[in-house]
Amino acid sequence: QVQLVESGGGLVQAGGSLRLSCAASGIAFSVSAMAWYRQAPGKQRELAAAITSGGYRNYADSVKGRFTISRDNAKNTVYLQMNSLKPEDTAVYYCRSTSYNYWGQGTQVTVSS
């Protein structure tokens, strides 16, 4: 059974930081490209950051320089370090295995002004 379990969301003030984690099971994690998506209220889900199995990263323009995606294949976990958070970063953040097209259940991030 495939599971992607996100954690680390919460409420933070503008300018603060959070680190999201996504623990994967049931997939060959080390060969899977992984990504973080987010969906703000009333908006479409969008890609925030992605990382290939080889460690190549790409980011949405809106988060470049503030967010960092990383992975630990020994722990089957992908991370999203979010710094200098803004109110417009408020969204539900979803982990995705892009290679196998599985999604996590999402974790809420709320940034207050």
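C22 is buried, with a relative accessible area of 0%. Keep that residue in mind as you work through these exercises on a predicted model.

**Exercise 1. The disulfide**

Task: Find which residue forms a disulfide with C22, and work out which parts of the chain the pair ties together.

Solution:
- Step 1. Start with the chemistry: a disulfide is a covalent bond between the sulfur atoms of two cysteines.
- Step 2. Apply the cut-off, which asks for cysteine sulfur atoms within 2.5 Å. The sulfur atoms of C22 and C95 are 2.1 Å apart, so the two residues form a disulfide. The count for the model comes to 1 disulfide.
- Step 3. Look at the torsion about the S-S bond. For C22 and C95 it is about -75 degrees, and therefore the disulfide is left-handed.
- Step 4. Now place both ends. C22 belongs to strand β3 (residues 18–25) and C95 to strand β9 (residues 91–97), so the bond ties together parts that are 73 residues apart in sequence.
- Step 5. Check the surroundings of the second cysteine. C95 has 0% relative accessibility, and it counts as buried because the limit is under 20%.

**Exercise 2. An open sheet**

Task: Work out the order of the strands in the open sheet of 4 strands, and say which of them stand at the edges.

Solution:
- Step 1. Read across the sheet: the order is β1-β3-β8-β7, and the pairing is antiparallel.
- Step 2. Look for strands with a single partner. These are β1 (3–7) and β7 (67–72), so each has one side left without a neighbour in the sheet.
- Step 3. Compare directions. Ignoring direction, neighbouring strands are turned by 15 degrees against each other on average.
- Step 4. Zoom in on one edge. β7 pairs with strand β8 (residues 77–82) in the antiparallel sense over 6 bridges. In this part of the sheet, F67 stands opposite M82 in β8.

**Exercise 3. Salt bridges**

Task: Find which residues form salt bridges with R38, and which residues are linked with R38 in a network.

Solution:
- Step 1. Recall the idea: side chains of opposite charge can pair when their charged atoms come close. The cut-off used here is a nitrogen and an oxygen within 4 Å.
- Step 2. Take E46. Its closest atom pair with R38 is 2.8 Å apart, and the two form a salt bridge. R38 is buried at 5% relative accessible area, while E46 is partly exposed at 36%.
- Step 3. Take D89. R38 forms a salt bridge with D89 too, with the closest N and O atoms 2.9 Å apart. This pair links distant parts of the chain, since R38 sits in strand β4 (residues 34–39) and D89 in the loop between β8 and β9, 51 residues apart. Both R38 and D89 are buried.
- Step 4. Join the pieces: R38, E46, R66 and D89 are linked in a network of salt bridges.
- Step 5. Look at another pair. K64 forms a salt bridge with D61, at 3.2 Å between the closest N and O atoms. D61 counts as exposed, with 64% relative accessibility. The model's count comes to 4 salt bridges.

**Exercise 4. Positive phi**

Task: For S84 and N101, find the value of phi and the loop in which each is found.

Solution:
- Step 1. S84 is not a glycine, yet its phi is positive, about 50 degrees. S84 has its place in the loop between β8 and β9, and is partly exposed at 42% relative accessibility.
- Step 2. N101 has a positive phi near 55 degrees and is a residue other than glycine. N101 is found in the loop between β9 and β10 (102–103), where it is partly exposed, with a relative accessible area of 45%.

How values were computed
Residues are numbered from 1 along each chain as its sequence is written. This is a predicted model: local features need pLDDT of at least 70, side-chain atom pairs count only at pLDDT 80 or more; totals for chains, interfaces and linings use all residues. Side-chain values use heavy atoms; hydrogens and water are left out. Helices (H or I, at least four residues) and strands (E, at least two) are DSSP runs, numbered from the N terminus. Buried means under 20% relative accessible area, exposed over 50%, partly exposed in between (1.4 Å probe, protein chains only). Two strands pair if DSSP finds at least two bridges between them. Axes are lines fitted to C-alpha atoms, for helices over the stretch in contact, and angles run from 0 to 180 degrees between N-to-C directions. A salt bridge is a side-chain nitrogen of Lys or Arg within 4 Å of a carboxyl oxygen of Asp or Glu.
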